[in-house]
Amino acid sequence: MLLDDSVGVQSTMESITVLDNGCLCCTLRDDLVAAIRDIVRTVEERMANGVKDAAIDGILIETTGMADPGPVCKTFSLDEVVNRYCKIDGILTVVDAAHFLDQLARERPDGAVNEPAQQVAFADKVLLNKVDAVSQEKVQETIAAIRSVNAFAPVVECSLSLKPDAVPVAELVQIDAFDTTKLLTAESEQGDVDLAHGHAHDAHGHDHDHGHECDDPSCTDPSHDHSHDASCSDPECTDPSHGHSHSHSHSHHDTDIGSMVLEIKDRPLDVQSFNDLLSDLLENSVDLYRYKGILAFAQQGSVVRYVLQGVHDMVDISFSGEWPREKPLRTQVVLIGRNLDKEGLKQRFEQCALLPDAV
Ligand SMILES: Nc1nc2c(ncn2[C@@H]2O[C@H](COP(=O)(O)OP(=O)(O)OP(=O)(O)O)[C@@H](O)[C@H]2O)c(=O)[nH]1
């Protein structure tokens, strides 16, 4: 939907063009392309006619609850005009606190994608709506289920019909989740960004991305999500604020969709080995939903930094200069997808690392 009322609301009919190789994640949404090209044309005409404030702030695309966000994202890189004028800001997923757990657990035919899990997996931010209509226990169980699918996206609890202003538009836009340079800007401002455990504060300052294991022993902020649902492996942990309901929720809400982080400290990666690993991962890119990372590569006697971003087989790897001397070496890659062989991937990734004195 357009944010600018005067341009009018666009609607699209669903129609999918499957490219020749038949790969599901290569479908191009031509209806979406047409709608966005229309919007671009309208804005350009208005600008050419000197209409005041002709530019628009953004376009919100609302998919159905069954939609696969992958082809929608791919549309933005595959169409030349769309690619020139638009960039994806971020993927927001609204989770219905009253029904999500039931939908997640619904019986599906073998091999069928669990759509609610898939939509959570793609999310850069999750709005957990209708929290007024359910118990706190159910809210916590739902957050645990969300975390078991996507351990990284911040979860904002809300009641959109009762308190719509509690989630201002500013919180829904300018996420810049697909902007590779944003990761590095944040890194230079905050010292060091931990993709797996960034204390990323949102517009309100109440939303902390503790999606991954929160292992900061000094962190006592109750507003932080210490549910540790994805992988709380500390058997000694007795902190009640850590919400150890995860052991219960694992058994009920596990889907074949999940997330993980690959990390190597103090050693650079061998470019070829990492490329081989990435190629193998991309062979099954239909099941690889989102991935991003900051990579330290050994190259011609020095260590260089690359930033990785991807959706399915749509990969963006950007060079970003020499690894800054003052920063310890750390490569991190976040992966979100279906049937991730977590142990196998960790072993392969470890084999990409060179010895510390290899450079
Ligand atoms: N209790 C409660 N009910 C809500 C809240 N937000 C929406 N609802 C109710 O949920 C129902 C669906 O709301 P919609 O906003 O139309 O949800 P939707 O997902 O956009 O619906 P469709 O796009 O038609 O699938 C309505 O009856 C709303 O009143 C909320 O924060 N709390």
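Trainee: Which residues lie around the ligand in this predicted model?
Mentor: The model is predicted, and a residue is placed around the ligand here if its C-beta atom lies within 6 Å of the ligand. By that criterion, the residues around the ligand are Asn129, Lys130, Asp132, Ala133, Ser159, Leu160, Ser161 and Leu162.

Trainee: How many residues of that shell are nonpolar, polar and charged?
Mentor: Among the residues around the ligand are Lys130 and Asp132, as well as Ala133 and Ser159. Divided by class, the shell holds 3 nonpolar, 3 polar and 2 charged residues.

Trainee: Which strand gives the most residues to the largest nonpolar core?
Mentor: The largest nonpolar core has 51 residues, of which Val120, Ala121, Val126, Leu128, Ile146, Leu269 and Leu295 touch the most other members. With 8 residues, the greatest contribution to this core comes from the strand at residues 288-299, β6.

Trainee: Is β6 mostly covered or uncovered, and how many of its residues are buried?
Mentor: A residue is buried if 20 or more other C-beta atoms lie within 10 Å of its own. Strand β6 is mostly covered, and of its 12 residues the number buried is 11.

Trainee: Which residue in β6 stands opposite aspartate 270?
Mentor: Strand β5, residues 269-270, runs parallel to β6 and is joined to β6 by 2 bridges. Within this pairing, the residue of β6 opposite aspartate 270 is alanine 298.

Trainee: Which residues does valine 126 contact, leaving aside its neighbours within four places in sequence?
Mentor: Val126 is one of the residues touching the most other members of the largest nonpolar core. Beyond those sequence neighbours, valine 126 is in contact with Thr93, Val95, Val120, Ile146, Ala153 and Val155.

Methods. Residues are numbered from 1 along each chain as its sequence is written. This is a predicted model: local features need pLDDT of at least 70, side-chain atom pairs count only at pLDDT 80 or more; totals for chains, interfaces and linings use all residues. A nonpolar core is a set of buried Ala, Val, Leu, Ile, Met, Phe, Trp, Tyr and Cys residues joined through C-beta atoms within 7 Å. Helices (H or I, at least four residues) and strands (E, at least two) are DSSP runs, numbered from the N terminus. Two residues are in contact if their C-beta atoms, placed from the backbone, lie within 7 Å. Ala, Val, Leu, Ile, Met, Phe, Trp, Tyr, Cys and Pro count as nonpolar, Asp, Glu, Lys and Arg as charged, and the others, Gly among them, as polar. Two strands pair if DSSP finds at least two bridges between them.
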